[in-house]
Amino acid sequence: MIIRPLRTALLAGTALVMATAAHAQDYTITVWAGGSNDNDIYRITAIEMAADILEREMEILGEEISITVDGRYNFASWDDFKQSVTLAAEAGTGPNIVVTSHGDIAPWAQAGIIRPIEDYIDLDSWPVTDIYPNLMEISSFEGVQWGLPQDAESRPFFFWIPHLEAIGYTAEQIEALPAAVEAGEYTLYDVLEDAAAIQEAGLVEPGLGFYPRVSNGPDYWQFYLSFGGEIQDPETGHLVLDTEAMTGFYQFFADAVAAGVTRQAHIGTPWDQWYAEVASGIAGLWHGGTWHYARYTGREGLEDFFGNVQFTLIPAGAEGVGRSNTITHPLVYLVTSTGDEDTAFIAAELIKIASEPRINSLHAIKSAHLAIAESQSEIDLYRGDRWAREATERLLPHASAMPNHVRFGEYWDLMWGGLESVWSGQKSAEEAVADLEVAVVNALGDDIIVR
Amino acid sequence: MTRQAWLGFGFLAPATLFVVAFFLAPVVMTGFFAFTNMSTATGITGGTYRITEGVISRLAGSEDVPAPLIEALGQQQSVVDPTGLAALAQGDFDAAFVAELEEELGGRTFASQRELEGAIRDLDNRPRRVRDIKAAAELFERSVLNVDFATQADFAEAIQAYAGPVPDTAMTALARAAYTGWSMTTDNFSRLFNSPELGTVAVNTVFYIFATLTLFNTGFALVLAITTFYLPSRQASFFRTVWLLPRISPPVLYVLLWKWLAWDTGFLNAVLEPLGVAGRNWMFDSETSAWTFVILINGFVGASMGMIILSSAIRAIPQPILYASAVDGAGRLQQIRHIILPQLRWPLLFITSYQTLSLLTSFEYILLSTDGGPGSTTEVWALAAYHTALRNYAGNLQYGYGAAMALVLVVFGIAMSFVYLRLFNFKALVGRPRIEQ
Amino acid sequence: MRSERTWPITVLLAAASLPLLVMYAYLILDTFTDSAPGAVFPNRFTLEHWRFLTERQGSRASIWQATLNTFIFATSTTALVLFISSTAGYALSRLAMPFRRLFLGGVLILHAFPTITLIIAIFLILQMLGLYNTLTGVILVKASLELPFGIWIMKGFYDTVPWEIEMSGIQDGAGRFQVWRELVLPMVYPGILALGIFSFLSGWSEFILPQVLAPDASVQTLSVYMASLIFDDQNFNFNLFKSVGLFYMIPVIILYLVFQKYLMNIYGGGTKG
């Protein structure tokens, strides 16, 4: 997607590059990775490795290029990262490559902040052809392939096994839990019951029986899906507010607070505290992400993960209501509009090389994310990792993703505001959904369908 | 004009330049943005014209644009036609490649550029680099789907070239649907006044200002000023020093210290747990505890200004009056009530009005401590505007709506300033210069 | 009257000040000791919390780069504010000129203005000037936002200079500019000093402006550096934060100890919460 008048100039440029191939070309590729900490360093290192390979390939083709990769991660939060990227891109000083949520593709594509990767690489070549088609779909928007998936993950439900045993679960029952959840036999209301039992047994403090994510995140849409909700209409592409499912979802959290298994002031609990608590049995049942495995077993020092933690899909809302599910929220590599065409071609090529199974597995295993390509399960490093293996099998086949829609962010904000008001007791679930309905129609107009 | 006036303008020029560029201009622009739907997606500086699948689906059923045209625009098409071949021959491509392409693919139509690229890749004399294959395929693209146009004229021209003549009404509707930039609207304000969330935020804001002001900025400031007045001077200056610390500490550090006090692994728990109080994160434990900390954090900073102003006001009371009252046998409390407090009426009014405004607009300490949480229980208006305009988890910052929220504060702030100006007798402040040359 | 017993007051104030005393005492203590989890008193002396002085934290710039940036930011802002306020303040205080009331009213209103809410528009202006993500840009903005306060303060100081001094200067045949430069300016040195210290501290502490307008590692100030450390939930370590914080606060403490008197003076007209 190139601005037309530029195209002729582009061609001339190509010719020029070909003519001056003998000169050494210096490129500096800046990479910003959001939501990344030291475990996720391969989001940047993979690009550095790719740069090395590309330099060698180009040398064989008779072109001497030198690529410097300038990486940045450690943003204070996702919000800070997105603020920095959007403002910098608006000012033309942004990075060349961003690693971000696939949900940003829609607004950033409209804004012209990013370039479609399909204009810069051959999609019909390896390793792109090896990437899971659903992940490719998630990194595209309106039929255009904007980026390549950087990793996959999934957001499971977790149980602290010793607590389950203490309230009467047998080893077999715990073993069978994932299947029971998948089949919709074990539901969210069973979660509340078990959480209450764990609290009554004095195993955890009041309010820590069911210990959800502490901040806004894709995770909460899972509960909307649990109650049968649909986020986007597959026919028209419009967003969907299913009031019944939304009420069920809000009501579930209201019930959790009312039952005393979740604190009314839970949202905003600091992450460092939360991680320490769920990884040590201070909490009972909770939900998180596959990458939490790295944190639990690393920094939090949980040695026997599989002996202490059972993981499943997010249960269905209630008996016969909705479905068990999990959301995968892959990060994607995107080429930004910063810099000239030459640099964009280099950046895109680097992304492509970095997506090769072996390089991607380094990230997947180090940060406990899941593979982006089929063949990674044949790489020893990946295959040898129990977590990667089991999480891939148990969760990924059922994973869905949130839609890439320009205005989804606004809907999301309003959904979250409604949940907060129910959680903190300011409104009943029905009131909140009624207000939400008014608010989304107010804000989104024709872009949303209310059912 | 007099020389003095010229000198005056000269002296004011740098200040005016700075204030206009970075202060007044932003005020005017904020007012303007408030009436737009500007966001990350629309960009700040304007958009382009682009037909996408989304545009096509939004146009479906449109009365202005004929359905066949919509369908045509939704198609992607690459045609190996003479125009393209001529351009290819002009470009810096291998002659054998150009010849082979013309022979093998000449006259064929492809449903997408990707397919054409695939066909080119299979040629014997294909360019080696992907980039050159793409450059060659690009020359044959004949559709407008997913192509960006900088101006409406370019857009219209390309559409007509592709789909033949298009009536003006249809073209206008097309351009409107395809434009990616922002447009003017008053929706922000109707949204603002209809939003139940913002109602809560407004209530929060009033509560926050009222509580902080009465408890600390005036209330405790008064206590500090009066008590230190009666203390021996070394002790008095020690306490004043301590209470000035929050104000001179960088906010990031100051709030960190409070977090350390309140955290689950923090000082309060270390002290209270041996006493049998269950450990918790005191800053986020409940709505009440969050508000307590927000008010403490702001109040401890705010108290010092009142302390300093009121202290100097007390010291300005003529000593003989105080001695006389002591001789008359008045106790301290009576002295405070009958002599000191009446003298502090105006300074207190000044502090109240001044700090109402600064509390209304400052959100730094809340941002760094609770960030409006838990939930959105401690969200105040200025913070909500910041969140809306500059924080969005889904990467689509709402500049326009955020500006509308900011504008409410701006209007409020200006109105209050005018009231204060009247209250504090503006005329006295601007007494005429006595040298008239 | 001050002979009456004062110890109840001392006890009362000490109790109210306790949180502050504890926080600041532990700010220093925790930077070179370790405590067992949940313990009130430290049990081990260590210098490892100061390793940030030599080791880079993740992909952040080095602390020295951030310190240099902060220093440039604070001093430049101060210089601008002082220069511009001392001329503008004089004009508003002393010079008979058209629109003087308008200017003065404008300054007064801007003085208490919701500045931070303008940040999107400010961003756009910086972007148009090509100054986004530069220290220059954020310096210009900070100085401009501080100006109404600076001008107002300087006007106040000029107001206290006796007219006779200027009258006599003019009778001796000097122009207004010369009178200002040679006679009046020296009289307001205390004001300039006070405003200078205030502006420096304010610049040194500023968080939101650099956070939004200059977030890049190469132009990061200490406040942004420290905030990004604190919000990184992977490395939550109060001892490290406090060590960085204490390092950050050293210039503040020095200025405060030396110029306490001036500070009391100017914070009486303070700008924030």
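**Domains of chain A**

I looked up where the two domains of chain A meet in this predicted model: 12 residues of domain 1 of chain A are in contact with 9 residues of domain 2 of chain A. Two helices of chain A, H4 (105–111) and H17 (386–395), each supply at least two residues of the domain 1 side. I noted that H17(A) gives the most to that side, with 4 residues. By class, I found 7 nonpolar, 4 polar and 1 charged on the side of domain 1 that touches domain 2.

I then checked the bounds. The assignment gives domain 1 of chain A as 4–152 + 330–397, and domain 2 of chain A as 157–327 + 407–450. I read 32 Å between the C-alpha centres of these two domains.

**Chain C against chain B**

Next I went to the contact between chains C and B. I found 86 residues of chain C in contact with 90 residues of chain B. Helix H1 (residues 7–29) of chain C gives the most to the chain C side, with 13 residues. I sorted the chain C side by class and got 64 nonpolar, 15 polar and 7 charged residues.

**Chain C by itself**

I listed 11 helices and 2 strands in chain C. From the N terminus on, their order is α-β-β-α-α-α-α-α-α-α-α-α-α. The C-alpha trace of chain C spans about 75 × 65 × 30 Å along its principal axes. I checked burial as well: 51% of the 273 residues of chain C count as buried. Last, I took the contacts in chain C with a separation of 6 or more; residues 24 or more positions apart account for 73% of them.

Note on methods. Residues numbered from 1 in each chain as written. Chains lettered and ligands numbered in written order. Predicted model: local features only at pLDDT ≥ 70, side-chain atom pairs only at ≥ 80, totals over all residues. Contact = placed C-beta atoms within 7 Å. Nonpolar A, V, L, I, M, F, W, Y, C, P; charged D, E, K, R; others polar. Buried ≥ 20, exposed ≤ 12 C-beta atoms within 10 Å, placed from the backbone. Domains from an automatic or database assignment.
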